Amino acid sequence: MSDLVYIALGSNLGDREATLDRARKEIARIESTRIVAESDIEETAPIGPVKQDFFLNQMIAVETDLQPRALLDALQKIEKEAGRERAVRWGPRTLDLDIVMIDGREHSDDALVVPHPQLPNRDFWLRELEQIKTALHV
């Protein structure tokens, strides 16, 4: 049975639009996964103590047969291929992919907590989720 999963995309290094476009294409290639909706892309201020450039952010919804941890592994592979380095927490990044929510499901292990613990603190995620849910009539 497929899950409806909401994934946040963000980039604040390099060609941000091209990075998000490439990420969407790579996510669409993940086994047993298809993109069913996308929010608008918006520019947002960085969060956290590190001085850095603004982000481009977007939320997508995918239907997937993968378990949450397998989906996370696939997303982290895409991040790495995009040049993501995890040197500084909340630092600049070429690509950030977060599993924000899975409809009707919670998940928690040593690498992933869903719903994402920062969801209530990110207004842009809430806006983007609402836009997708409206489009999907969820």
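**Entry 1: Ile30.** I looked up what Ile30 touches, leaving aside its neighbours within four places in sequence, and found Leu66, Leu71, Ala74, Leu75 and Ile78 in contact with it. I note here that the model is predicted. Ile30 sits in the loop between α1 and β2 (33-38). I then checked whether Ile30 is buried or exposed. Its relative accessibility is 10%, and buried means under 20%, so Ile30 counts as buried. I also took the C-alpha to C-alpha distance from Ile30 to Lys80, which is 15 Å, with their positions 50 residues apart in sequence.

**Entry 2: helix α2.** I turned to α2, which covers residues 68-81. The helix has 14 residues and reaches 20 Å from its first C-alpha to its last, close to the 20 Å expected. Which residues of α2 are buried? I list Pro68, Leu71, Leu72, Ala74, Leu75, Ile78 and Glu79. Seen down the helix axis, the buried residues of α2 fall within an arc of 165°, so they line one face. In general, an α-helix has 3.6 residues a turn, so residues three or four places apart point the same way. On the face of α2 turned away from the buried side I found the exposed residues Lys77, Lys80 and Glu81. For the cover over the buried residues of α2, I noted that it includes β1 (3-11), α1 (16-28), β4 (55-64), β5 (96-102) and β6 (107-108). After α2 comes Gly83, with a positive phi near 95°.

**Entry 3: cores.** I looked up the largest nonpolar core, which has 22 residues. Ile27 and Ile99 have the most contacts inside it. The elements giving two or more residues to this core are β1, α1, β4, α2 and β5. Which element gives the most? It is α2, with 5 residues. I then listed the contacts of Ile99, again without neighbours within four places in sequence: Val5, Tyr6, Pro68, Leu71, Leu72, Leu75, Leu112, Val114 and His116. There is also a second, separate core of 13 residues, and I noted Ala8, Met59, Val100 and Leu119 among its members.

**Entry 4: aromatic rings.** I searched for aromatic pairs and found 1 in the structure. The ring centres of Phe124 and Trp125 are 6.2 Å apart and the planes are at 70°, so I record the pair as edge-to-face. Both Phe124 and Trp125 are buried. Last, I checked what lies over the face of Trp125 and found Arg122, at 4.7 Å from the ring centre.

Notes: Residues numbered from 1 in each chain as written. Predicted model: local features only at pLDDT ≥ 70, side-chain atom pairs only at ≥ 80, totals over all residues. Heavy atoms only, no water. Helix = DSSP H or I, 4+ residues; strand = E, 2+ residues; numbered from the N terminus. Expected span 1.5 Å × (residues − 1). Buried < 20%, exposed > 50% of the residue type's maximum accessible area, 1.4 Å probe, protein only. Arc of directions from axis to C-beta. Contact = heavy atoms within 4.5 Å. Core = buried A, V, L, I, M, F, W, Y, C linked by side-chain atoms within 4.5 Å. Phe/Tyr/Trp six-rings, centres within 6.5 Å; stacked < 30°, edge-to-face > 60°. Lys NZ or Arg CZ within 6 Å of the ring centre and 35° of its normal.
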